[in-house]
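User: I would like to learn how to read a few features of a protein model. Please give the general idea each time, then the case at hand.

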Amino acid sequence: MSMRIGIGYDSHRFSTGGQLVLGGVAIPHACGLKAHSDGDVLCHAIIDAILGALGAGDIGRHFPDTDPRWRDAVSTELLRHVISLAQTAGFVISWIDSIVITEQPKLAPHIEAMKSSLTAAGIPPGCINIKAKTNEKMGFIGRGEGIAAQAVCLLTQSFRG
Ligand code: MG
């Protein structure tokens, strides 16, 4: 049985106004994230982890920010598309682990909602973990300039070739 792993990373700068969306969940906060899409760093890191495991390049190749089709894109819809690519290639998502790194807001109260939202976008139930950390006040995250996320994905071949 073939297994593949992939890694994903994303970061976005906070912008005044706008809505903070993480894992498809709107989270109350004073500022949103500057981006071509909804700036959902967690979704974007997960998408890159899945594409990495598929050997299918990266999020910029599949959803170029020069393409008006993806302007103000809902990232969970991009995730749904990438999961369908994995299924078409004969893979299922066996596990995703992820980290969102930010000083504010506190994300622990929102983790279960994020997991439900990502499951609704096509990640198999019970196959995702989300961790939230601060950066101990160091660097751009520590200064509150933005948010970063990391993810790994394990894909397993869904049929025997
Ligand atoms: Mg991004």
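Analyst: What follows covers the metal site, the core, one helix, strand pairing and the cysteines. This is a predicted model, in which local features need pLDDT of at least 70 and side-chain atom pairs count only at pLDDT 80 or more, while totals for chains, interfaces and linings use all residues. Residues are numbered from 1 along each chain as its sequence is written, and side-chain values use heavy atoms, with hydrogens and water left out.

User: Which residues coordinate the magnesium ion?

Analyst: Donors are N, O and S atoms within 2.8 Å of the metal (3.2 Å for Na, K and Ca); water is not among the atoms, so sites may look incomplete. Here the magnesium ion is coordinated by Asp10 (OD), His12 (NE2) and His44 (ND1), at 2.1 to 2.2 Å. His12 in strand β1 and His44 in helix α1 are 32 residues apart, so the pair links distant parts of the chain. Helices (H or I, at least four residues) and strands (E, at least two) are DSSP runs, numbered from the N terminus.

User: Is His44 buried or exposed?

Analyst: Buried means under 20% relative accessible area, exposed over 50%, and partly exposed in between (1.4 Å probe, protein chains only). His44 is buried, at 7% relative accessibility, and His12 is buried too, at 15%.

User: Which helix gives the largest share of the largest nonpolar core?

Analyst: In soluble globular proteins, nonpolar side chains tend to be buried together. A nonpolar core is a set of buried Ala, Val, Leu, Ile, Met, Phe, Trp, Tyr and Cys residues joined through side-chain atoms within 4.5 Å. The largest one has 45 residues, and Ile46 and Leu79 are among those that touch the most other members. Helix α1 (residues 41-54) supplies the largest share, 11 residues. Of the 14 residues of α1, 13 are buried, so the helix is largely enclosed by the rest of the structure. Gly55, with a positive phi near 65°, follows α1.

User: How many bridges pair β1 with β7?

Analyst: Two strands pair if DSSP finds at least two bridges between them. β1 (residues 3-16) and β7 (residues 146-157) are antiparallel over 11 bridges, with Gly6 partnered by Cys153 of β7. β1 also pairs with β4 (residues 31-33), in the antiparallel sense over 3 bridges.

User: How many disulfides are there?

Analyst: A disulfide is a pair of cysteine sulfur atoms within 2.5 Å. The search of the whole structure finds 0. For Cys31, the nearest cysteine sulfur, that of Cys43, is 19 Å away. The sulfur of Cys127 is 10.0 Å from the closest one, in Cys153, which is too far for a bond.
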